[in-house]
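Student: I'd like to learn how to read a protein structure with DNA in it. Could you take me through one, feature by feature?

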There are 2 protein chains.
Amino acid sequence: MSVTLRTVAERANVSLSTASRALSGSPLISEGTRAVVDQAASDLGYRPNRAASALRSKRSHLIGLVLNNLVNQSFHTIADVIQRRLRSEGYQLILSTTDADPRTEESLLLTLADHGVDGVIIIGSGQSAATTNDFLHRGMAVVNVIRSSHDSLAPTVLAADRDGAYEATEHLASLGHRRIGYIGGIESADSGRARHSGYEDALARHGIPYDESLVLRGPFTQDFGALAATELLARSTGMTALFAANHEAVFGILPVLMQHGMRIPDQLSLVCFEDMPLLQMWHPAVTVIDNGATQLAELSVDLLLSQIRAIVSEGVTPERLRRLTRTYRVGSQLVARASTAPPAPAFAVSSPRKARS
Amino acid sequence: MSVTLRTVAERANVSLSTASRALSGSPLISEGTRAVVDQAASDLGYRPNRAASALRSKRSHLIGLVLNNLVNQSFHTIADVIQRRLRSEGYQLILSTTDADPRTEESLLLTLADHGVDGVIIIGSGQSAATTNDFLHRGMAVVNVIRSSHDSLAPTVLAADRDGAYEATEHLASLGHRRIGYIGGIESADSGRARHSGYEDALARHGIPYDESLVLRGPFTQDFGALAATELLARSTGMTALFAANHEAVFGILPVLMQHGMRIPDQLSLVCFEDMPLLQMWHPAVTVIDNGATQLAELSVDLLLSQIRAIVSEGVTPERLRRLTRTYRVGSQLVARASTAPPAPAFAVSSPRKARS
DNA sequence: CTGTTAGCGCATTCAC
DNA sequence: GTGAATGCGCTAACAG
């Protein structure tokens with residue numbers, strides 16, 4: 001009933017294999033026959049059957065993306081970008097969310113393999129290395145993003161969490177702040193740990209003592225942000241600047257600052273991690289560390305596609321796998337806007353130095 | 001090399017077909033053999049090859065989701081919900097974004113068909129009815145969401161845009177407001193048109209004359225929101241309430257209101273369309289019309305799955321197709337929060353006082 | 001360069 | 001209930 005490759009071949013008066021080769025752009029086909037076959041195909045409105053093609057060739061033109069959820073700004077940005085890039089390369093994206101549950105993640109990965117995905121991009125728990133390494137050995141491409149996995153043989157694309165946090169803190173210190181509050185993520189999260197140590201390092205570099213009473217770390221939720229901001233404002237810490245390093249918490253922090261009538265940046269300078277439209281339009285516009293979600297996604301796709309190409313040409317060799325294992329960092333970027341300024345002399349704890357250049 | 005159904009059959013000492021039937025839960029299999037086959041399968045760690053299964057049975061267990069982008073709050077909420085529901089039913093989601101371009105949409109739909117998706121959920125341009133109707137005739141399930149398509153035979157799930165806008169306006173009017181500003185979407189968008197007419201109707205119902213100078217309609221962008229809010233505040237309209245019916249614009253409107261030191265709800269009552277975390281945490285918390293994105297997604301999946309079941313049992317019959325074509329509305333909900341109050345008589349028309357510190 | 005042949009792994013006839 | 005046989009649509013040897 002429907003038009004298959006056979007129909008096209010008959011119409012073009014060539015064999016099945018010639019038709020197949022012509023349509024898949026094989027080099028060993030004369031220009032003439034290619035034209036004839038192409039014509040026949042378009043006349044008939046031929047569409048290839050991907051399932052058949054995948055069964056035979058082991059290439060489904062499907063890529064799996066595994067991540068926690070789509071609510072987080074960076075996550076849906078990444079999903080959006082990856083999907084666009086892949087489509088332009090002839091791939092489709094199977095999207096799967098895990099809610100950060102390792103068991104769900106594991107089961108999802110296996111299901112993706114059932115569907116014969118050519119590769120997987122995973123923002124994972126770090127606990128599925130055995131499975132994804134097996135994927136690699138079976139000729140699937142794998143890329144880890146945002147979260148690393150120690151035992152994974154696949155390349156990993158990470159955000160520059162430590163450096164970004166360092167830069168944020170440094171920015172504030174350079175403006176003359178010495179009482180810099182920090183609201184961040186939990187220690188058990190890679191990003192939470194890395195950002196906190198960037199904060200610590202920058203303080204040390206500027207000879208500013210680390211003060212626990214200025215630091216609050218907790219879950220990636222709006223509620224925590226609200227709580228933490230309220231708490232920090234309540235304490236008499238002499239805080240003149242705040243670094244919000246927990247993205248989800250920002251949604252709780254901003255309303256609280258506003259509610260307390262904090263004048264930004266006069267009373268309090270503010271830097272947030274991860275840019276978003278809201279922060280640009282805020283009054284005043286908020287200085288941020290842009291973590292480069294778009295670039296993370298782009299690089300991931302690049303690494304995935306180059307793996308797929310290598311698998312096609314070289315196959316699965318130990319040497320190739322060895323070359324694969326590498327960590328990439330996408331640099332973050334300080335976007336200075338109106339929410340940061342030198343501390344108001346009257347409120348500053350120490351005498352304001354001139355910011356060094 | 002890898003373990004296939006044949007391996008399982010051999011291990012269980014049954015034929016290929018028996019193994020197949022046992023694993024797919026066919027009723028004409030004895031309990032004993034089923035147990036043996038199941039055991040063999042799990043011993044071997046058997047995983048079915050979906051491509052082969054799809055090729056043979058025409059069921060891929062893949063569903064396509066077509067939408068504009070993942071940035072819009074409602075869109076990624078819907079994608080998230082749909083994906084979860086489908087996974088729990090044994091389906092995987094192929095996600096495709098169109099940027100609202102009908103040509104991209106068309107090509108995407110065809111590609112999804114190439115992959116043999118069992119069904120498609122589409123937030124579309126309304127211009128792909130011919131294609132999706134063809135899908136229906138070919139035994140694929142189709143559901144339109146959020147945007148209707150006049151010629152589509154598939155069921156359509158819509159948000160209650162008019163009623164929601166009516167309710168929002170009514171809420172303000174009931175509080176005593178008579179100068180109610182409106183920032184909405186363009187007339188050419190279904191939702192833009194529907195919400196505007198809900199606004200008009202509610203005004204009429206309360207005997208409030210429609211005043212063009214209070215109404216600004218434009219594209220679904222943050223920039224438009226900022227512009228529109230600035231403009232409305234600049235005009236001397238005596239506006240005491242504002243209905244922000246353009247979701248994307250809200251991100252522009254809020255900062256401008258804040259920037260101008262508008263006291264909400266004292267000087268201005270505010271209602272927004274489409275709820276989100278930020279609005280709950282705003283100070284004051286913003287009254288919204290919740291459009292029920294989650295419910296829209298849930299209902300869409302229900303309709304899709306029931307179609308798939310019907311196709312399996314009844315096949316593609318004209319009667320079934322006729323029964324299919326139906327529009328569903330997910331009611332919206334007014335969530336009254338702190339941003340709406342009766343107009344303050346003394347300040348209603350006078351110029352804003354100094355912003356509080 | 002092109003045609004012939006042979007399956008990929010599975011679900012589903014049809015017999016028994 | 002179970003097995004044997006067939007082919008879904010396509011790609012990839014293998015010849016020529």
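Tutor: Let's start with a term. Helices (H or I, at least four residues) and strands (E, at least two) are DSSP runs, numbered from the N terminus. One caution: this is a predicted model, where local features need pLDDT of at least 70 and side-chain atom pairs count only at pLDDT 80 or more, while totals for chains, interfaces and linings use all residues. Residues are numbered from 1 along each chain as its sequence is written, chains are lettered from A and ligands numbered from 1 in the order in which they are written, and side-chain values use heavy atoms, with hydrogens and water left out.

Student: How do I read a salt bridge, and what separates Asp80(A) and Arg84(A) in helix 5 of chain A?

Tutor: A salt bridge is a side-chain nitrogen of Lys or Arg within 4 Å of a carboxyl oxygen of Asp or Glu. Asp80(A) and Arg84(A) make one, with their closest N and O atoms 2.2 Å apart. Because they are four residues apart in helix 5 of chain A, about one helical turn separates them. Over all chains, a search of the whole structure gives 44 salt bridges.

Student: How many salt bridges are there between chain A and chain B?

Tutor: Four. In one pairing, the side chains of Arg47(A) and Asp114(B) meet at 2.6 Å, N to O.

Student: How do I read the rest of that interface?

Tutor: Begin with contact, which means heavy atoms within 4.5 Å. Here 47 residues of chain A touch 47 residues of chain B. Then look at buried area, the accessible area (1.4 Å probe) that two parts lose on being put together, summed over both. Chain A and chain B bury about 4500 Å² between them, and 60% of that is on carbon and sulfur atoms. Asp114(A), His115(A) and Met281(A) supply 14% of the area that chain A buries against chain B, more than any other three residues.

Student: What about polar contacts?

Tutor: A polar contact is a pair of N or O atoms within 3.5 Å; within protein, one must be able to donate a hydrogen and the other to accept it, and residues adjacent in sequence count only if both atoms are side-chain atoms. Across the interface of chain A and chain B, 13 residue pairs are in polar contact, both residues being at pLDDT 80 or more. On the side of chain A that touches chain B, the residues divide into 22 nonpolar, 18 polar and seven charged. For those classes, Ala, Val, Leu, Ile, Met, Phe, Trp, Tyr, Cys and Pro count as nonpolar, Asp, Glu, Lys and Arg as charged, and the others, Gly among them, as polar.

Student: In which sense do strand 2 of chain A and strand 2 of chain B pair?

Tutor: Two strands pair if DSSP finds at least two bridges between them. These two strands, with residues 92–97 in chain B, run antiparallel over three bridges. Ile94(A) stands opposite Ile94(B) there.

Student: Where is Asn69(A), and what is it in contact with?

Tutor: Asn69(A) sits in the loop between strand 1 (62–67) and helix 5 of chain A. A polar atom of its side chain lies 2.9 Å from the backbone nitrogen of Val71(A), and one lies 3.0 Å from the backbone nitrogen of Asn72(A). Leaving aside neighbours within four places in sequence, Asn69(A) is in contact with Phe75(A), Thr97(A), Asp80(B) and Arg84(B).

Student: Now the DNA! How many residues surround DNA strand C?

Tutor: A residue is near a strand if one of its heavy atoms lies within 4 Å of it. DNA strand C has 25 such residues, with Thr18(A), Arg56(A), Leu5(B), Tyr46(B) and Arg56(B) the closest. Sugar and phosphate make up 53% of the DNA strand C atoms that come within 4 Å of the protein. As for single atoms, a backbone N or O atom of Leu5(B) is 2.4 Å from a phosphate oxygen, whereas a polar side-chain atom of Arg56(B) is 2.3 Å from a base nitrogen.

Student: Which element gives the most to the surface near DNA strand D?

Tutor: Helix 4 of chain A, with five residues. In all, 26 residues surround DNA strand D. Among the atom pairs, a polar side-chain atom of Thr33(B) is 2.7 Å from a phosphate oxygen of DNA strand D, and a polar backbone atom of Ala52(A) is 3.4 Å from a base nitrogen.
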